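This report describes the packing and the internal spaces of one protein model. The sequence and the structure are shown first.

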Amino acid sequence: MRIENSFVPAEGVGESRERSLWEAGVLTWADFDPSRAPVGPKTGERIESFLAEALERLDDGDARYFGERFPARESWRLYENFRDDALFFDIETTGLDAARNDVTTVSVTQSGETTTLVRGEDLTAEALRAQFRDAPLVVSFNGKQFDVPFLEDNFAISIDAPHLDLMYPCRRVDLTGGLKAIETEVGIDRDRPDLSGRDAVRLWHRYARDGDDGALDTLVSYNREDTENLRNLADVVAHRLHDASIGQIAGEPAGVPDPR
């Protein structure tokens, strides 16, 4: 599923009307002809108006425009277009309250490279702004409720790129529970499956209190693996949602690598 397959950003087009367009052979923006499409004149005009601007915005790589136009539950549709430059991120903290607890490590993966910032070393507001500044799309698991509030409260930064929080599309394809449980269900492996978020807090305290560099190394490795696994999970989710939507009609596979 690509942005160009999508008509739901147009005013007056919901999922059922979009599906009727697909079933009529209008699978992409290029296929749309208001005189032949199964929509009324007013809706046809609205779609044409949307397409006139959207084509230009897509040529410009304007992910923020589409992040604002797509319904929140359909943000996964941006993934295929911006996958190569998407920024996958995850944080570790000393607790669950952004107002009282600290961020200890932040890992980001972009274009196949992973960077980890560590509290007391290189984890600063400036470094975080540099990491997020040019990302067309950010991808997390439960990041909207947890990671982003922590980063914005602790570092006075604003993360305003379109955000694909995989927790929500996972639920749409019956993948529930925490990230580790979902990874196990879809066959994504970990080097240290025994570690958890509680262990991450313990490891940080061992490092901060006792100077245990080995504990920090383990924490960083755990945080990096969280981040790097998000790309495989995003691929799984994109495939399943594609197959449950336009894939059922077009009979074509999703345009992202099949991680299975």
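The text below covers the nonpolar cores, one asparagine side chain, and the pocket and cavity of this predicted model.

**Nonpolar cores**

The largest nonpolar core contains 51 residues. Within this core, the residues with the most contacts are Phe7, Trp29, Phe32, Ile47, Phe66, Phe141 and Leu233. At least two core residues come from each of helix H1 (15–23), helix H2 (41–59), helix H3 (63–69), helix H4, helix H7 (167–172), helix H8 (179–186) and helix H10 (213–243). H10 gives the most, with seven residues.

Phe66 can serve as an example from this core. Leaving aside residues up to four places away in sequence, Phe66 touches Ile3, Trp29, Ala54, Arg57, Leu58 and Leu78. Another core, of 22 residues, lies apart from the largest one; Phe89, Leu117, Leu123 and Ile157 are among its members.

**Asparagine 81**

Which helix holds asparagine 81? Asparagine 81 is in H4, which covers residues 79–82. A polar atom of the asparagine 81 side chain lies 2.9 Å from the backbone nitrogen of isoleucine 3. The side chain of asparagine 81 also makes a polar contact with the side chain of glutamate 4, at 3.0 Å. Not counting residues up to four places away in sequence, asparagine 81 touches Arg2, Ile3, Glu4 and Leu58. Ile3 and Leu58 are also among the residues that Phe66 touches.

**Pocket and cavity**

The volumes of the two spaces and the make-up of their linings are set out here.

| Space | Volume | Nonpolar lining residues | Polar lining residues | Charged lining residues |
|---|---|---|---|---|
| Largest pocket | about 550 Å³ | 10 | seven | six |
| Largest cavity | about 40 Å³ | five | no | one |

The lining of the largest pocket consists of 23 residues. Those nearest the centre of the pocket are Glu92, Phe146, Lys180, Gly197 and Tyr222. Two or more lining residues come from each of strand E1 (87–93), helix H6 (143–155), H8, helix H9 (197–210) and H10. H8 and H10 also each supply at least two residues of the largest nonpolar core.

How many cavities of 30 Å³ or more does the structure hold? There is one. The largest cavity is lined by Met1, Trp76, Tyr79, Glu80, Ala238 and Val256. Five of these lining residues are nonpolar and one is charged.

Conventions:
Residues are numbered from 1 along each chain as its sequence is written. This is a predicted model: local features need pLDDT of at least 70, side-chain atom pairs count only at pLDDT 80 or more; totals for chains, interfaces and linings use all residues. Side-chain values use heavy atoms; hydrogens and water are left out. Helices (H or I, at least four residues) and strands (E, at least two) are DSSP runs, numbered from the N terminus. A polar contact is a pair of N or O atoms within 3.5 Å; within protein, one must be able to donate a hydrogen and the other to accept it, and residues adjacent in sequence count only if both atoms are side-chain atoms. Contact means heavy atoms within 4.5 Å. A nonpolar core is a set of buried Ala, Val, Leu, Ile, Met, Phe, Trp, Tyr and Cys residues joined through side-chain atoms within 4.5 Å. Buried means under 20% relative accessible area, exposed over 50%, partly exposed in between (1.4 Å probe, protein chains only). On a 1 Å grid over the protein atoms alone, a cavity is a set of points where a 1.4 Å probe fits but cannot get out, and a pocket is an open set with protein on both sides within 12 Å along at least five of seven lines; lining residues have an atom within 4 Å of a point. Grid points are joined across faces, edges and corners, and a volume is the space filled by probe spheres set on the points. Ala, Val, Leu, Ile, Met, Phe, Trp, Tyr, Cys and Pro count as nonpolar, Asp, Glu, Lys and Arg as charged, and the others, Gly among them, as polar.
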